[in-house]
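Visitor: Please give me a close look at a single part of this structure, the disulfide links and their surroundings. I would like one connected account, with the cut-offs behind the terms.

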Amino acid sequence: MTQPPPIQPVRAPLPPAESWLTGVPTPAQRRLDRWAVAAFATSLPGLVPIAAVLGLIALSRIRRSGARGRALAIGALVISLCWLIAIGVAAALNLDGERRAGIGRTTTISQVRVEQCFDADLEVDTLRQVRIADCAVPHSGEAYAKVRAMLTGLSADQKGAVATQQCATAFEAFIGKSYERSELDMYYVVLEDRAVADGNVLCMVGKPGEQLTGSMRGSQR
């Protein structure tokens, strides 16, 4: 007796599977948000206010549209924050430096240190007090040297002549031009008559009626 052939199950063709992502753009298809790019680009040179605003706008737009660029927008905000921290640290260090240098402090003329600049009226007969200034901004004068001069037992005129001669020597070394040929004026303060190791005459430079900017060292004026 002949055996019947095995029955083969009939398989109906399966319908094509539907993608859950139908209508949703893939990452490769999503556009890069231009605001995010602009935020990142402006954050690099430190344009903090612009970069921060653009970054926040970009995040809001990306949340609504699903566009790419979230990492760029967040990066712009992080870089802007770093800039703010760096600026804050620099400002704090500058203020601390000014405090240490005494900038803005009023003191007696005899307490001015070499290389300090100051504001004062140089045309007064007796200069007693000055305000310490930043040499980088306009100021009245600058202390450029402390010289040793043996003044004990000398008359006032003799003291003036000796102090002037000693400060004039230091003047030429500091300015790069002799006092006689310079357009600047020279001043001195006798700290004590005894010649001490670190100097007993403070030498200063200025120009009445005119503000100096920057140190006069090597200015050839």
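The disulfides and their setting

Guide: Strands β2 and β3 pair in the antiparallel sense over three bridges, where strands (E, at least two residues) and helices (H or I, at least four) are DSSP runs numbered from the N terminus, and two strands count as paired if DSSP finds at least two bridges between them. The model is predicted, so local features need pLDDT of at least 70 and side-chain atom pairs count only at pLDDT 80 or more, while totals for chains, interfaces and linings use all residues. Residues are numbered from 1 along each chain as its sequence is written, and side-chain values use heavy atoms, with hydrogens and water left out.

Within this strand pair, C117 stands opposite A133 in β3. C117 also forms a disulfide (a pair of cysteine sulfur atoms within 2.5 Å) with C135, the two sulfur atoms being 1.9 Å apart. An angle of 105 degrees about the S-S bond makes the link of C117 and C135 right-handed. This pair joins distant parts of the chain, since C117 belongs to strand β2 (residues 117-119) and C135 to the loop between β3 (129-133) and β4 (141-147), 18 residues apart. Both ends are buried, a term that means under 20% relative accessible area, with exposed over 50% and partly exposed in between, for a 1.4 Å probe and protein chains only: C117 has a relative accessible area of 1%, and C135 has one of 17%.

The structure holds two disulfides, and the other joins C167 to C203, S to S 2.0 Å. With -80 degrees about the S-S bond, the link of C167 and C203 is left-handed. Here too distant parts of the chain are linked, C167 lying in helix α4 (residues 156-175) and C203 in strand β6 (residues 201-206), 36 residues apart. C167 and C203 are both buried. If the bonded cysteines of the chain are numbered in sequence order, the pairing reads 1-2, 3-4. As for C82, this cysteine is partly exposed, at a relative accessible area of 46%.

The helix that carries C167 deserves a closer look. Helix α4 has 20 residues and reaches 27 Å from its first C-alpha to its last, close to the 28 Å expected at 1.5 Å a residue, the expected span being 1.5 Å times one less than the number of residues. Its buried residues are G160, A163, C167, A168, A170, F171, F174 and I175, and they pack against β4, β5 (185-190) and β6. One of them, A163, has 0% relative accessibility and, leaving aside neighbours within four places in sequence, is in contact (heavy atoms within 4.5 Å) with Y188 and V201. After α4 comes G176, whose phi is positive, near 90 degrees.

The strand at the other end of this link is β6, and six of its six residues are buried, so β6 is largely enclosed by the rest of the structure. Both of its faces are covered, with V201, C203 and V205 buried on one side and L202, M204 and G206 buried on the other. Strand β6 pairs in the antiparallel sense with β4 over six bridges, E142 standing opposite V205, and in the antiparallel sense with β5, also over six bridges, D185 standing opposite G206.

These pairings belong to an open, antiparallel sheet of six strands in the order β1-β3-β2-β4-β6-β5. Strands β1 (106-108) and β5 stand at the edges with a single partner strand each, so one side of each is left without a neighbour in the sheet. On average, neighbouring strands of this sheet are turned by 40 degrees against each other, direction ignored; the axes are lines fitted to C-alpha atoms, for helices over the stretch in contact, and angles run from 0 to 180 degrees between N-to-C directions.

Helix and sheet also meet in a nonpolar core, a set of buried Ala, Val, Leu, Ile, Met, Phe, Trp, Tyr and Cys residues joined through side-chain atoms within 4.5 Å. The largest such core has 19 residues, and Y144 and V201 have the most contacts inside it. Strand β4, helix α4 and strand β6 each supply at least two residues of this core, and its largest share, seven residues, comes from α4. Apart from neighbours within four places in sequence, Y144 is in contact with V114, C167, A170, F171, F174, M186, C203, M204 and V205. A second, separate core of 10 residues includes V112, V130, V189 and L202.
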